[in-house]
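Welcome! Please take a moment to look over the sequence and the structure below, and then we will walk through them together.

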Amino acid sequence: MADRSLRGTGLGSKSFEDESGVEFAARQEVGYDCPRQHHFSLVFSAEADIPALWECPRCGAESLRSDGERPEAKEEKPVRTHWDMLRERRSIAELEDLLAERLTLLRSGELTGAATFARTAPTRAKKTA
Ligand SMILES: [Zn+2]
């Protein structure tokens with residue numbers, strides 16, 4: 001028979017047969033949660049340095065490990081805006097008072113035009129002080 005000339009089993013047969021005897025490297029499964037509630041898990045080698053962040057396979061968002069390990073390098077440091085800094089020094093009530101004060105001055109004609117503003121601008125005032 002022509003089939004007898006087929007010798008295709010030679011290469012693959014061993015790996016199929018031996019699978020039960022193969023010792024797999026130690027693994028660990030690590031779960032991740034993305035901000036959009038997608039949960040997924042990845043298998044890493046036991047010795048692997050498990051990343052704290054992984055891109056969500058569904059939406060591509062940065063996902064944090066479910067076990068709560070937070071990235072070390074990327075410390076959550078919110079950017080302070082000028083408004084944040086202002087709010088650290090002044091309460092809303094104080095700011096409203098200041099605004100009312102400035103508006104009163106403006107309406108009374110004491111604050112007029114760019115020239116007046118330039119003279120009272122904080123950057124200029126600091127240099128002369
Ligand atoms: Zn997602």
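## A glycine after a helix

Let us begin at one small spot in this predicted model. Gly109 comes just after helix H3 and takes a positive phi of about 90°.

H3 itself covers residues 92-108. Its 17 residues should span 24 Å at 1.5 Å a residue, and the end C-alpha atoms are indeed 24 Å apart, so the expected and the computed length agree. Is H3 largely in the open or buried? The number of buried residues among its 17 is zero, so H3 lies largely in the open.

## The chain as a whole

Stepping back, the protein chain has five helices and four strands. Following the sequence, you meet them in the pattern α-β-β-β-β-α-α-α-α.

How much of the protein chain is buried? Of its 129 residues, 2% are buried. You can also look at how contacts are spread along the sequence: among contacts with a separation of 6 or more, 24% join residues that are 24 or more positions apart.

## The sheet

Now to the strands. Four of them form an open sheet, in the order E2-E1-E4-E3, with antiparallel pairing. Strand E2 (39-45) and strand E3 (53-55) are the edge strands, each pairing on one side only. On average, neighbouring strands of this sheet are turned by 40° against each other, direction ignored. As a general point, strands of a sheet pair through backbone hydrogen bonds, either parallel or antiparallel.

Let us go through the pairs. Strand E1 (residues 27-33) is joined to E2 by seven bridges, and the two run antiparallel. E1 also pairs with strand E4 (residues 62-65), in the antiparallel sense and over two bridges. E3 and E4 are antiparallel too, with three bridges between them.

## Residues that face each other

Asp33 is a handy landmark for seeing how the strands line up. Which residue of E2 does Asp33 stand opposite? That partner is His39. Asp33 also stands opposite Leu64 in E4.

Leu64, in turn, leads you on to E3: Leu53 stands opposite Leu64. Hopping from His39 to Asp33, then to Leu64, and on to Leu53 is a nice way to trace the sheet by eye.

## Two hairpins and their turns

E1 and E2 form a hairpin with five residues between them. Gln37 is found in the loop between these two strands, and has a positive phi of about 70° although it is not a glycine. Most residues other than glycine have a negative phi, so this turn is worth a look. Is Gln37 buried or exposed? With 7 other C-beta atoms within 10 Å, and 12 or fewer counting as exposed, Gln37 is exposed. Look for Ser63 as well: Gln37 and Ser63 are 26 residues apart in sequence, and their C-alpha atoms are 9.4 Å apart in space.

The second hairpin is made by E3 and E4, with six residues between them. In its turn sits Gly60, which has a positive phi of about 80°.

Terms used:
Residues are numbered from 1 along each chain as its sequence is written. This is a predicted model: local features need pLDDT of at least 70, side-chain atom pairs count only at pLDDT 80 or more; totals for chains, interfaces and linings use all residues. The expected span of a helix is 1.5 Å times one less than its number of residues. A residue is buried if 20 or more other C-beta atoms lie within 10 Å of its own, exposed if 12 or fewer, and partly exposed in between; C-beta atoms are placed from the backbone. Two strands pair if DSSP finds at least two bridges between them. Axes are lines fitted to C-alpha atoms, for helices over the stretch in contact, and angles run from 0 to 180 degrees between N-to-C directions. Two residues are in contact if their C-beta atoms, placed from the backbone, lie within 7 Å.
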